[in-house]
Amino acid sequence: MIFLGDVMRTFYIFKINREFKTITRNKPYNLYLALDNIHSMNSENVSLAYKLFDEICDMPNTKELNLTIFNEYKDSDYYIKFNNNHLINNYYTTENSKLTINKTYLKLKSSLNNPTFFKALKNIPNLFVIDFASKDYFWLS
């Protein structure tokens with residue numbers, strides 16, 4: 001269970017198209033800046049934000065992702081799945097993580113800096129992770 005008093009990190013995970021991965025693989029800061037600019041655009045520029053996002057990111061296959069994650073953790077006592085939400089509540093490692101699979105990105109809230117869900121997601125190519133609040137970013141795969 002996720003408690004409000006816990007220090008939580010929020011990771012946004014994007015599936016980057018191959019061309020942008022090739023261009024930014026060795027300079028992820030440029031990709032971070034582009035996605036941060038899209039994230040912080042005001043409502044007046046929403047059409048531009050959508051256009052830029054479509055140029056940079058591919059849409060994840062939500063059905064396939066849900067199945068992959070479910071198959072990875074279905075035998076764990078700490079795992080729960082409901083619709084597009086996957087939860088890990090491990091009292092021994094103090095991990096409380098919730099992964100939500102949206103149509104355009106994944107959102108992972110966790111009490112850990114290296115959540116368990118990263119293990120299953122590492123096998124999916126071209127994933128880029130950003131914690132906008134901490135200004136932290138990295139390639140997951």
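How much space lies in the largest pocket? In this predicted model, the answer is about 290 Å³.

**View 1. A look into the largest pocket and its lining.** Around this space sit Tyr12, Phe14, Leu35, Ile38, His39, Ala49, Tyr50, Phe53, Asp54, Thr104, Tyr105 and Phe132. Sorted by class, that makes nine nonpolar, two polar and one charged residues.

**View 2. The elements behind the pocket lining: β1, α2 and α3.** At least two lining residues come from each of β1 (9-16), α2 (28-40) and α3 (46-56). The top contributor is α3, which puts in four residues.

**View 3. Leu48, a residue of helix α3.** With a relative accessibility of 42%, Leu48 falls between the 20% and 50% cut-offs, so it counts as partly exposed. Pick out Lys27 as well: Leu48 and Lys27 are 21 residues apart in sequence, and their C-alpha atoms are 24 Å apart in space.

**View 4. Helix α4 from end to end, residues 62-73.** Twelve residues at 1.5 Å a residue should span 16 Å, and the end C-alpha atoms of α4 are 17 Å apart, so the two agree.

**View 5. The two sides of α4, one with buried residues and the other with exposed ones.** Leu65, Asn66, Ile69 and Tyr73 are the buried residues here. Their arc around the axis is only 100 degrees, so they lie on the same side of α4. Over on the other side, Lys63, Glu64 and Leu67 are exposed.

**View 6. What covers the buried residues of α4.** The cover includes the strands β3 (79-82), β4 (85-90), β5 (95-101) and β6 (106-110), along with helix α5 (117-121).

Methods. Residues are numbered from 1 along each chain as its sequence is written. This is a predicted model: local features need pLDDT of at least 70, side-chain atom pairs count only at pLDDT 80 or more; totals for chains, interfaces and linings use all residues. Side-chain values use heavy atoms; hydrogens and water are left out. On a 1 Å grid over the protein atoms alone, a cavity is a set of points where a 1.4 Å probe fits but cannot get out, and a pocket is an open set with protein on both sides within 12 Å along at least five of seven lines; lining residues have an atom within 4 Å of a point. Grid points are joined across faces, edges and corners, and a volume is the space filled by probe spheres set on the points. Ala, Val, Leu, Ile, Met, Phe, Trp, Tyr, Cys and Pro count as nonpolar, Asp, Glu, Lys and Arg as charged, and the others, Gly among them, as polar. Buried means under 20% relative accessible area, exposed over 50%, partly exposed in between (1.4 Å probe, protein chains only). The expected span of a helix is 1.5 Å times one less than its number of residues. The arc is that of the directions from the helix axis to the C-beta atoms. Contact means heavy atoms within 4.5 Å.
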